[in-house]
Amino acid sequence: MLSSGRKSNPTRSRLSFSRAFVAGILAGVVFCAGQDAAAQSDIAPDLLNRPPVAAPTTKIETGAIPVVLSASQEADNFASGMMQGLMVSGDVRGIAMVVVKDDHVLLQRNFGSLTPDTKFAAGVLADVFGAVAAMQQVEQRRLMLDGDIGKALGESGTRGMTLAQVLTFQAGDPSLAVQAVEKTSGAPWPDYLAKNIAQPLGMRATAVRDGSLETNIADLSRLMIVLVNGGAFQNGRALMPPTVDSMEAVHFTSHPALPGASYGFTQIQRNGWRALQHDGGAGEVLARLVVVPESKLSYLIAAEGRPDAQFWRALDNGLFDHLMPARKAATVAPTAAAAPAQSDAERVSGRYEPASSEANRAAPLMLGRRLYVRAGPGAALILTGAQNATLAAKPGGYWTSADGNLTAVAVNGELMLSSGTYSPLALYKRPESYAGLALLVAFAAAGFAAYERRRRPGTRFPSDPVLGLAGASVLFVLVSAFVWLLSPLA
């Protein structure tokens, strides 16, 4: 029996499927191409089918983006770097600093063991508190600046010095101002300080304990604002603006070329600015306060450890130069005196040490220990040791540095610098004094020995006087070497 249909071929079926699949793919490609052409129909013909753009292979130069820092940020960065650098030596365990401007704190930084809340003895920095208290009593007309201090103290006689002279370190001890405040106010100094200064300004750490004034940096920053902000701090007030102006004015100067003193401060001239200064602290913590009245700026530096004069000079000068850029200095008022001659410079030459006087009470940290002076060409003075500078002779009888920051005047055998007063080094502190004595005694011993030999030719051993003189000569040589080794260079 024959079948009615044809037998199916599997190979032909697979081929047909493959052809259909390929045809479908081609149709899809044609469709997509048509869609793409339609999509590009809005593009200008000259932009179609352009070759790809290669990525740049050379470096593209771009300018640095400037970072604008505020004045406080710049000062903070500078102070931080300087403070950390000065702590490397290990002589200082901690440094703290605060800068105020107008009515606010501009920056406050501390490193190591000191913090803004660390209490320390104010030392002679208490003079500033005493000056503020005295000016408060002057405002209330209980004290007179030109009145004899003896009368203010309730004494029957006079002392021959005024309150103004006491406050400008011309006579007496500045603590006399505090005694006068106690007498006229009727209150002990600890109570007066608390009621009239500490409490109105919110100074919680400032108080008199066991006869010594204690404070901290946070409290002192408030007093600093008072001194540059017309006597006020926030809602508190210690002095009226005219009183602050009077307190910070120049009231005494030993020479027109020297900065002079105000009430409670000695003054310096630096970078063309007039500034007030007062050092303080005691024991392991020392402090330096600087006020620049014209710029309404003040800063305080405190250090714990063994900071020397070079440390204070580097820190103080660096901070001042950064905060107060140089400007044209005020000219010194002309005088009839001629410029120092070469003979004057030769006469001033020698070795000096800080003078023991009230004039140096306010700024001992910058004095150093020894000052060496020699005459240079053109009657100049060349300073080394405590100060390193060359001072030119100027009409008016003084010497000054090229930048005007350091000035010198010779008065009554002393050398008065704008940084402090120096006296000639005492003979007993000079190694050559002992060397000269050793040489003199050695000659005496040799002469005495020669005399004995002539009298008693057969004597083998020196007599006791000769041995004594020889021993004294050796002793003086050893003392001379000891003094020379201990002589400080700055």
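**Exercise 1. Decide whether Arg159 is buried, partly exposed or exposed in this predicted model, then do the same for its salt-bridge partner.**

Start with the number for Arg159: its relative accessible area is 38%. The partly exposed class sits between the buried limit of under 20% and the exposed limit of over 50%, so Arg159 counts as partly exposed at 38%.

Next, find the partner. The Arg159 side chain meets that of Glu155 in a salt bridge, at 2.6 Å from N to O. Glu155 has a relative accessible area of 33%, so this residue is partly exposed too.

As background, side chains of opposite charge can pair when their charged atoms come close.

**Exercise 2. Work out which parts of the chain are tied together by the salt bridge between Asp316 and Arg288.**

First, check the contact: the closest N and O atoms of Asp316 and Arg288 are 3.2 Å apart. That fits the salt-bridge cut-off of within 4 Å.

Then place each residue. Asp316 belongs to helix H10 (residues 309–323) and Arg288 to strand S11 (residues 285–292), so the bridge ties together parts that are 28 residues apart in sequence.

Now look at exposure. Asp316 has 0% relative accessibility and counts as buried. Arg288 is buried as well, with a relative accessible area of 1%.

Finally, look past the pair: Asp316 and Arg288 are members of a salt-bridge network that also takes in Arg270 and Asp279.

**Exercise 3. Do the same for Arg351 and Glu432: which elements hold them, and how exposed are they?**

The closest N and O atoms of this salt bridge are 2.1 Å apart. Arg351 lies in strand S13 (residues 350–354), while Glu432 lies in helix H12 (residues 431–455), so here the parts tied together are 81 residues apart in sequence.

For exposure, Arg351 comes out at 24% relative accessible area, which makes it partly exposed. Glu432 is partly exposed at 37%.

To put these pairs in context, the structure has 14 salt bridges.

**Exercise 4. Strand S11 hosts Arg288; find out how enclosed the strand is and which strands it pairs with.**

Step one is burial. Eight of the eight residues in S11 are buried, so the strand is largely enclosed by the rest of the structure.

Step two is to split the strand by face. On one side you'll find Val285, Ala287, Leu289 and Val291, and on the other Leu286, Arg288, Val290 and Val292; both faces are covered.

Step three is the pairing with S10 (residues 273–282), which is antiparallel over seven bridges. Gln277 has Val290 of S11 as its bridge partner. The hairpin of S10 and S11 has two residues between the strands, and Gly283 there takes a positive phi near 65°.

Step four is the pairing with S12 (residues 297–305): eight bridges, again antiparallel. Val285 stands opposite Glu304 in S12. This hairpin leaves four residues between the strands, and Lys296 in the turn has a positive phi of about 55°.

**Exercise 5. Classify the aromatic pairs as stacked, tilted or edge-to-face.**

There are two pairs to sort. For Trp189 and Tyr192, the ring centres are 6.2 Å apart and the planes sit at 15°, so the pair is stacked. These two residues are both in helix H7 (residues 189–201), three residues apart, or about one turn of the helix. Both Trp189 and Tyr192 are buried.

For Phe311 and Trp312, the centre-to-centre distance is 5.3 Å with 85° between the planes, which is edge-to-face. Both Phe311 and Trp312 are buried.

**Exercise 6. Trace the barrel, then look at one of its strand pairs.**

Follow the strands in the order S13-S14-S15-S16-S17-S18-S19-S20: they make a closed barrel of eight strands with antiparallel pairing. The twist from one strand to the next averages 30°.

Now zoom in on S14 (residues 371–376) and S15 (residues 380–385), which pair antiparallel over six bridges. Arg374 stands opposite Ile382 in S15.

**Exercise 7. Find which residues make the nonpolar surface patch, and say where Trp484 sits.**

The patch covers about 530 Å² and is made by Phe482, Trp484, Leu485 and Leu486. Trp484 is part of helix H13 (residues 464–486). With a relative accessible area of 58%, Trp484 is exposed.

Methods. Residues numbered from 1 in each chain as written. Predicted model: local features only at pLDDT ≥ 70, side-chain atom pairs only at ≥ 80, totals over all residues. Heavy atoms only, no water. Patch = residues over 30% accessible without salt bridge, like charges linked within 9 Å, V, L, I, M, F, W, Y side chains within 5 Å. Areas by Shrake-Rupley, 256 points an atom, 1.4 Å probe, with all protein chains shown as cover. Buried < 20%, exposed > 50% of the residue type's maximum accessible area, 1.4 Å probe, protein only. Pairing = 2+ DSSP bridges. Axes fitted to C-alpha atoms, helices over the stretch in contact; angles between N-to-C directions. Phe/Tyr/Trp six-rings, centres within 6.5 Å; stacked < 30°, edge-to-face > 60°.
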